[in-house]
Amino acid sequence: MTCEVRESGGGWRCAGVRWPREVPELGWSRGGDRRVSVLAYGAGLGFRAVGERHCVGARGNVCPLGAVVPGRSTGGRCAECARLDRAHSVAADTMADDPRTYRVYLAWFGPGMVKVGITGEERGAARLREQGAVVFSWLGRGPLMAARRTEEVLRAALGVPDRIPYAKKRAARGQLPGTEERAGAVAELYARAAELEGRGWPESLERLPLEVVDQGQLFGIDRAPAPVRSVRELVDGGVVAGRLVAAAGPDLHLAVDGVGVVVLDTRLITGWDLAAVPDVPVRARAGSDAAGSKAGSAEAGSDVRVPLIDIGGGGVQGGLF
């Protein structure tokens, strides 16, 4: 699979991984056009970064400044667009009159890494897939402010955070315990949370029964080799190509010859023009037929020519250029 084929009129820009269903998709934009590429484990994926990285804008709007943003930024936005995007998010608590129903969830990412959060009920488990939650259970459902209040009560009472850095999640994926132990950790947290009902738990939030959902097989991480390195940033002319063996949240796990499994955080590729890698056979079109690519061999080439960092170690892998 190639991530993009550049044309004379400008290339497709990747919007990162989405999980609207139980398979990952790459989103694409070019001007006002929007496309998606459904990813498949075992398929090849490769691209070359071109030029400079530009701000992706906010809430579907193009950045008015066309600002250049740092390669290591996982947000991919300039300061002004980041502020606008944050101001209209649920997390900003500026939508107190939101009439939709929200759900409170408990999520497990690895030993000692659990969190509580909320998501719109109509989104189902998409938010849990986007975060890379290996195991989760719903806890309750109700109005936004009741869900938000419950989230705050649980964080304080259970001593759990509302977010966990992706670097910690990546480091844990290579050494996860079995499914029974994972399920037990979520069940134990659910029991502790349920004990708080009537003690700070808003009456308008309906508690939901325990139903442990394990996403290890869905992500492919239970059957793929452990990742050893991750992409630190893209650079002009930098190449990333390999075979997709797993995916979790924004991370794609690529098997690369001579390196092992490399994690590509797709938040790092937003805002870049991405071009096809000539020597990486194409399995699927990036964006759409308009991108101009042609189907090719089912086998994927592999190459990485961007700075890498060791998973969990923080060291930069040298000699990549």
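**Figure 1. Low-confidence stretches of the predicted model, starting at residues 1-9**. Across residues 1-9, pLDDT stays under 50. The model nonetheless has 46 contacts beyond four places in sequence for this stretch. Residues 281-300 also have pLDDT below 50. Beyond near neighbours in sequence, residues 281-300 have 48 contacts in the model.

**Figure 2. Confidence along the chain**. Mean pLDDT for the chain is 85. Of its residues, 83% reach 70 or more. Strand E17 (residues 316-317) marks the lowest confidence, with a mean of 46. Strand E9 (residues 213-214) marks the highest, at 98.

**Figure 3. Strand E10 (residues 227-231) and its two pairings, with E13 and E16**. Of the 5 residues in E10, 4 are buried, so the strand is largely enclosed by the rest of the structure. E10 pairs with strand E13 (residues 260-265) in the parallel sense, over 3 bridges. Here serine 230 lies opposite valine 263 of E13. E10 is also joined to strand E16 (residues 308-310) by 3 bridges, and these two strands run antiparallel. Arginine 229 has aspartate 310 of E16 as its bridge partner.

**Figure 4. Surroundings of glutamine 131 in helix H2 (residues 126-131)**. Glutamine 131 has 4% relative accessibility. The cut-off for buried is under 20%, so glutamine 131 counts as buried. Its side chain makes a polar contact of 2.5 Å with the side chain of tyrosine 105. Leaving aside neighbours within four places in sequence, glutamine 131 contacts Tyr105, Phe109, Lys115, Tyr166, Lys169 and Gly249.

How values were computed. Residues numbered from 1 in each chain as written. Predicted model: local features only at pLDDT ≥ 70, side-chain atom pairs only at ≥ 80, totals over all residues. Heavy atoms only, no water. Buried < 20%, exposed > 50% of the residue type's maximum accessible area, 1.4 Å probe, protein only. Pairing = 2+ DSSP bridges. Polar contact = N/O pair within 3.5 Å; in protein donor to acceptor, adjacent residues only side chain to side chain. Contact = heavy atoms within 4.5 Å. pLDDT = per-residue confidence, 0-100.
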